Amino acid sequence: MNELEQMYQEIILDAARERYGEGELEDPDGESFQVNPTCGDQVNYQVNVRDGKIADLAWQGHGCSISQASISMMSELVENKTLEDFDKLYGVFREMMDARGHEISDEDADLLQDASALQGVSKFPMRIKCALLGWMALKDATNQTIE
């Protein structure tokens with residue numbers, strides 16, 4: 001394993017252990033429960049939106065280090081962002097997962113911050129769902145706030 005791969009692996013493992021945003025909201029504006037039937041990863045994501053921004057977020061779940069790291073990284077990245085900013089981040093992350101291991105631009109890597117460490121996951125189709133689980137849950141939960 002080269003140094004870059006080792007660094008990315010450490011970032012992913014650290015984020016999976018940190019579990020940023022883990023918890024529960026009392027009365028969320030939106031909530032989504034998602035399951036990856038392939039491996040059993042689960043997340044229940046809750047969100048409050050105020051003035052078009054993600055004001056509060058919380059999640060509970062379990063699964064592999066990839067899913068848990070992705071949820072943790074995303075939670076830290078999107079907290080206090082506008083729904084428009086989240087949509088852009090979601091699109092960039094989704095494109096990265098669909099790229100099947102091809103390099104992303106420096107601009108996209110900067111936008112995704114630590115979540116760009118998950119780029120290598122896109123080489124493994126069975127793991128893409130793990131990385132996307134939390135993103136899909138937050139997308140669903142935020143969509144409930146604008147209905």
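In the predicted model, helix H2 is largely enclosed by the rest of the structure, because 12 of its 14 residues are buried, that is, they fall under 20% relative accessible area. The buried set comprises Ile66, Ser67, Gln68, Ala69, Ser70, Ile71, Ser72, Met73, Met74, Ser75, Leu77 and Val78. From its first C-alpha to its last, H2 reaches 20 Å, close to the 20 Å expected at 1.5 Å a residue. The helix is followed by Asn80, for which phi is positive, near 70 degrees.

H2 also contributes to the second largest pocket, in which about 190 Å³ of space lies; helix H1 (3-18) and H2 are the elements that give two or more residues to the lining of this pocket. Of the 13 lining residues, Ala15, Ser72, Met73, Glu76 and Asp114 lie nearest the centre of the pocket, and by class the lining is made up of six nonpolar, two polar and five charged residues. Ser72 and Met73 thus appear both among the buried residues of H2 and among the residues nearest the pocket centre.

Helix H5 (residues 125-145) has 21 residues and should therefore span 30 Å at 1.5 Å a residue, which agrees with the 31 Å between its end C-alpha atoms. A kink of about 45 degrees is nevertheless present in H5, centred on Leu132, a residue that is itself buried, as are Ile128, Cys130, Ala131, Leu133, Gly134, Trp135, Ala137, Leu138, Ala141 and Thr142. The cover over the buried residues of H5 includes strands S1 (30-35), S2 (42-50) and S3 (53-62), together with helices H2 (65-78), H3 (83-98) and H4 (106-112).

Conventions
Residues are numbered from 1 along each chain as its sequence is written. This is a predicted model: local features need pLDDT of at least 70, side-chain atom pairs count only at pLDDT 80 or more; totals for chains, interfaces and linings use all residues. Side-chain values use heavy atoms; hydrogens and water are left out. Helices (H or I, at least four residues) and strands (E, at least two) are DSSP runs, numbered from the N terminus. The expected span of a helix is 1.5 Å times one less than its number of residues. The bend at a residue is the angle between axes fitted to the seven residues ending there and the seven starting there. Buried means under 20% relative accessible area, exposed over 50%, partly exposed in between (1.4 Å probe, protein chains only). Contact means heavy atoms within 4.5 Å. On a 1 Å grid over the protein atoms alone, a cavity is a set of points where a 1.4 Å probe fits but cannot get out, and a pocket is an open set with protein on both sides within 12 Å along at least five of seven lines; lining residues have an atom within 4 Å of a point. Grid points are joined across faces, edges and corners, and a volume is the space filled by probe spheres set on the points. Ala, Val, Leu, Ile, Met, Phe, Trp, Tyr, Cys and Pro count as nonpolar, Asp, Glu, Lys and Arg as charged, and the others, Gly among them, as polar.
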